[in-house]
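Reader: Can we walk through this one together? I'd like to get better at reading helices, cores and surface patches.

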Amino acid sequence: LATILSTIAGTFAAIGFYNMRRKPRGLFLSNSNIPVINADIVTGVSISLLMVLGLGAVNSIFGTHFQLGFGTLLIAHISFNIPYVILSVMPKLYQMDKNLFEAAQDLGCNTMQVFSKVIFPLSMPGIVSGVTMVFVPAVSTFYISQKLGGPNTILIGDVIERQFKQGNNPN
């Protein structure tokens, strides 16, 4: 789920960044690359603190009892993985000829048709690369999953860790 949602959000973010002017685009791209540069443990601790403080504020304001669980873990993985999709899709967007967009519009395509018939198919290799780059960290970032999943969320990383702790079973 995190892979699908971060791929969709990252693809649209990359298209948005591509259509920006140069200075704001550089600012947004450098800001979005922070999770890529940071270590997983730094990202996990910072997102965990943000979620705990945010949930505490929401609980005290609205009188609710939200806690860490699948929702917070999903939000963390999506926010952690979007930059990887952006980094995969942006080069494919830069490889496209800008005249293709205008040609499609001259032939009668509206904005959605330009996206579905020109931009999306030509950026598909970058999107597939982004899916690959996002799926592997989503499965293997054990620390983030452990801190944000809460006590009732069991993920593949938890199962693997338990198998290693149990000892002699290599399966």
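Author: Sure. Let's begin with patches: they are built from residues with over 30% relative accessible area and no salt bridge, and nonpolar side chains are joined within 5 Å. Keep in mind that this is a predicted model.

Reader: Which residues make the nonpolar surface patch here?

Author: I41, V42, V45, L49 and L53 make a patch of about 470 Å². V42 sits in helix α4, residues 40-62.

Reader: Why does V42 count as partly exposed?

Author: Partly exposed means between 20% and 50% relative accessible area. V42 has 44%, so that's the class it falls in.

Reader: And S32, buried or exposed?

Author: Buried, because its relative accessible area is 14%, and the cut-off is under 20%. S32 belongs to helix α2, residues 22-32. Leaving out residues up to four places away in sequence, S32 touches F17, P83 and I86.

Reader: What about the inside? Which residues touch the most other members of the largest nonpolar core?

Author: The general idea: in soluble globular proteins, nonpolar side chains tend to be buried together. Here the largest core has 25 residues, and I86, M90, L93, F101 and I119 touch the most other members. Two or more residues each come from α1, α5, α6, α7 and α8, with α5 giving the most, 10 residues. Take L93: beyond four places in sequence, its contacts are A14, I15, Y18, I119 and S123.

Reader: How far does helix α1 reach?

Author: α1 covers residues 2-18 and reaches 23 Å from first C-alpha to last, close to the 24 Å expected. Its buried residues include A14, I15, F17 and Y18.

Notes: Residues are numbered from 1 along each chain as its sequence is written. This is a predicted model: local features need pLDDT of at least 70, side-chain atom pairs count only at pLDDT 80 or more; totals for chains, interfaces and linings use all residues. Side-chain values use heavy atoms; hydrogens and water are left out. Patches are made of residues with over 30% relative accessible area and no salt bridge: like charges are joined within 9 Å, nonpolar side chains (Val, Leu, Ile, Met, Phe, Trp, Tyr) within 5 Å. Accessible areas come from the Shrake-Rupley method with a 1.4 Å probe; for residues, only the protein chains shown count as cover. A salt bridge is a side-chain nitrogen of Lys or Arg within 4 Å of a carboxyl oxygen of Asp or Glu. Helices (H or I, at least four residues) and strands (E, at least two) are DSSP runs, numbered from the N terminus. Buried means under 20% relative accessible area, exposed over 50%, partly exposed in between (1.4 Å probe, protein chains only). Contact means heavy atoms within 4.5 Å. The expected span of a helix is 1.5 Å times one less than its number of residues. A nonpolar core is a set of buried Ala, Val, Leu, Ile, Met, Phe, Trp, Tyr and Cys residues joined through side-chain atoms within 4.5 Å.
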